[in-house]
Structure formats: C-alpha cells, structure tokens
Amino acid sequence: MTPFEFLDYAGTAVFAISGALAAIHKRFDLFGILILAAVTAIGGGTLRDVLIGRTPVGWMQHIEYLYVIFGSAIFTILFRKYLVYLRRTLFLFDSIGLALFTIVGVELGIQNQLHPVICIMLGTMTAAFGGVIRDILSNEIPLIFHKEIYASISVVGGIMFYGLLTNGIEQQLSYMLSAVVIIILRILAVKYGWKLPIIA
C-alpha cells in the first residue's frame, strides 16, 4: 500500500466516523448508522463517478472501501464515549481527506478532458458532498453552508492542483503542494473562524 492509498483510506475512515457519530446523535438504529457512515464517506465520489459516466463507481471496484467504512462505523459505536479525546486527530485526518478527495476529483476531470471549471467542481463535489448528504439525511442544514469555510478551501486547492498539473509540474509534487495548502487552510479556517459573508 502506498502512502497516498493509506491516507485515502484514512480519510474515508474519518468521514465514515463523522457520519456514524451524526447518526448516533440522532439516535438512528444500527442500519441507519451504517448507511449514514457510508454516504458520508463515499457519497461525493459516487455522485462524481455517476456524473462522468465512470461505472461501476469506485467503491464497487474496490471492496476494501466498504470494509473500512463498516469497520469505522462499528469502531464508532463501540468507542463513541472516548472519541471526544481523539478530536484533534480526527480533525487532522478530516483535513487530509478533504485534500485527497479534492485532488482525486480534479484529476478524474482532467483525465476525462473536461472543462477546467468542471474539473474544480468535481473536486469539490468529491470532497464535500458526502457531508452534505449526511446532513440532509440527518435533517440538518449542511454544515458547509453556515459554518467555517470548507468547500471554498476545496475550490482553492482544486484550482491550485489543476494549475500545477496542467502546467508541467511533476505529478507527485503537484499532489504534495496542493494537499499541504488545503490542509493548512483548513486548520487556519477553524482556528480563526474564517467564514464567508452572510447576506442578511
């Protein structure tokens, strides 16, 4: 397993934990917890793959993603009272997941020779829309619409990655630079409470 694949699985696990915690908070049953964990982790990527005609979608071709999701959901159920102590670690992996899923989405758009704007949208969709689906199913206003900036960071990182990759910068370096920028921006956004203007 490459470091990139490991971090991809780690991001998937953290998004699954996020979905499972939301389901537990809403007092969903076991099936509901598993479903919410899954849609949070793979919802954005599934929507992306369907839109670009990439079928079967990614997680159907790599069953390991389901193992990670269901394992993460069971872990969350068993250790839900202790996860508060792992908040910083989970936040870091969430930021890593945001970076990785943004890059994956943009790169798939490039591979399919789509317009740059569409590539950026695919990156943002991959990274953020699992959380949107989670919140909708939980009967909540999606967090990305009223909390600290999240999807906007994905847009910025996606633009950077697209620019680097399409201007001859080596692929691995493009991965690294874009991921670092996204992670740093995410940390700063939470630390300083950066938000987009609210129209009153």
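Ala, Val, Leu, Ile, Met, Phe, Trp, Tyr, Cys and Pro are counted here as nonpolar, Asp, Glu, Lys and Arg as charged, and the others, Gly among them, as polar. Under this division, the lining of the largest pocket consists of 18 nonpolar, six polar and 10 charged residues. The structure described is a predicted model.

The largest pocket holds about 1000 Å³ of space. Its lining is made up of 34 residues, and those closest to the centre of the pocket are Ser18, Asp94, Arg134, Leu143 and Arg186. Two or more lining residues are given by each of helix 1 (3-25), helix 5 (87-111), helix 6 (116-137) and helix 8 (171-192). The contribution of helix 1, seven residues, is the greatest to this lining.

For the second largest pocket, the volume is about 600 Å³. A total of 29 residues line this second pocket, with Asp8, Arg48, Arg54, Tyr65 and Val104 nearest its centre. Helix 1, helix 2 (30-51), helix 3 (58-61), helix 5 and helix 6 each give two or more residues to the lining. Here helix 2 gives the most, with nine residues. The classes represented in the lining of the second largest pocket are nonpolar, with 12 residues, polar, with 11, and charged, with six.

The interior was examined next. In soluble globular proteins, nonpolar side chains tend to be buried together. The largest nonpolar core of the model comprises 35 residues, and Ala37, Ala41, Ile69, Leu98 and Ile153 have the most contacts inside it. Two or more residues of this core come from each of helix 1, helix 2, helix 4 (64-79), helix 5, helix 6, helix 7 (151-165) and helix 8. Helix 5 supplies the largest share, seven residues. For Ile153, one of the core residues with the most contacts, the contacts beyond four places in sequence are with Leu98, Ile182, Leu185, Arg186 and Ala189.

Several individual positions were then considered. Ala23 belongs to helix 1. The relative accessible area of Ala23 is 0%, so this residue is classed as buried, a term that applies under 20%. Apart from neighbours within four places in sequence, Ala23 is in contact with Phe28, Gly32, Ile33 and Leu36. Between the C-alpha atoms of Ala23 and Phe91, which are 68 residues apart along the chain, the separation is 18 Å.

Ser95, a residue of helix 5, is also buried, at a relative accessible area of 0%. When neighbours within four places in sequence are set aside, the contacts of Ser95 are with Ile183 and Arg186. Arg186 is also among the residues closest to the centre of the largest pocket and is in contact with Ile153.

A charged residue, Asp49, is located in helix 2. Asp49 has a relative accessible area of 1% and is therefore buried. A polar contact of 2.9 Å joins the side chain of Asp49 to the side chain of Arg48. In addition, a polar atom of the Asp49 side chain lies 2.9 Å from the backbone nitrogen of Gly58. Residues up to four places away in sequence not being counted, Asp49 touches Arg54, Val57, Gly58 and Leu108. Arg48 and Arg54 are both among the residues nearest the centre of the second largest pocket.

In contrast to these buried positions, Tyr192 in helix 8 is exposed, because its relative accessible area of 52% is over 50%. The C-alpha atoms of Tyr192 and Arg80 are 28 Å apart, with 112 residues separating the two along the chain.

Backbone geometry was also assessed. Most residues other than glycine have a negative phi, and most peptide bonds are trans. The peptide bond from Thr55 to Pro56 is cis, its omega being near -5°. Pro56 is placed in the loop between helix 2 and helix 3. A positive phi of about 55° is found at Gln113, which is not a glycine. Gln113 occupies the loop between helix 5 and helix 6 and counts as exposed, at 75% relative accessibility. Asn139, likewise not a glycine, has a positive phi of about 60°. This residue lies in the loop between helix 6 and helix 7, where Asn139 is exposed, with a relative accessible area of 69%.

Key:
Residues numbered from 1 in each chain as written. Predicted model: local features only at pLDDT ≥ 70, side-chain atom pairs only at ≥ 80, totals over all residues. Heavy atoms only, no water. 1 Å grid on protein atoms, 1.4 Å probe; cavity = no way out; pocket = protein on both sides within 12 Å on 5 of 7 lines; lining within 4 Å. Points joined across faces, edges and corners; volume = space filled by probe spheres on them. Helix = DSSP H or I, 4+ residues; strand = E, 2+ residues; numbered from the N terminus. Core = buried A, V, L, I, M, F, W, Y, C linked by side-chain atoms within 4.5 Å. Buried < 20%, exposed > 50% of the residue type's maximum accessible area, 1.4 Å probe, protein only. Contact = heavy atoms within 4.5 Å. Polar contact = N/O pair within 3.5 Å; in protein donor to acceptor, adjacent residues only side chain to side chain.
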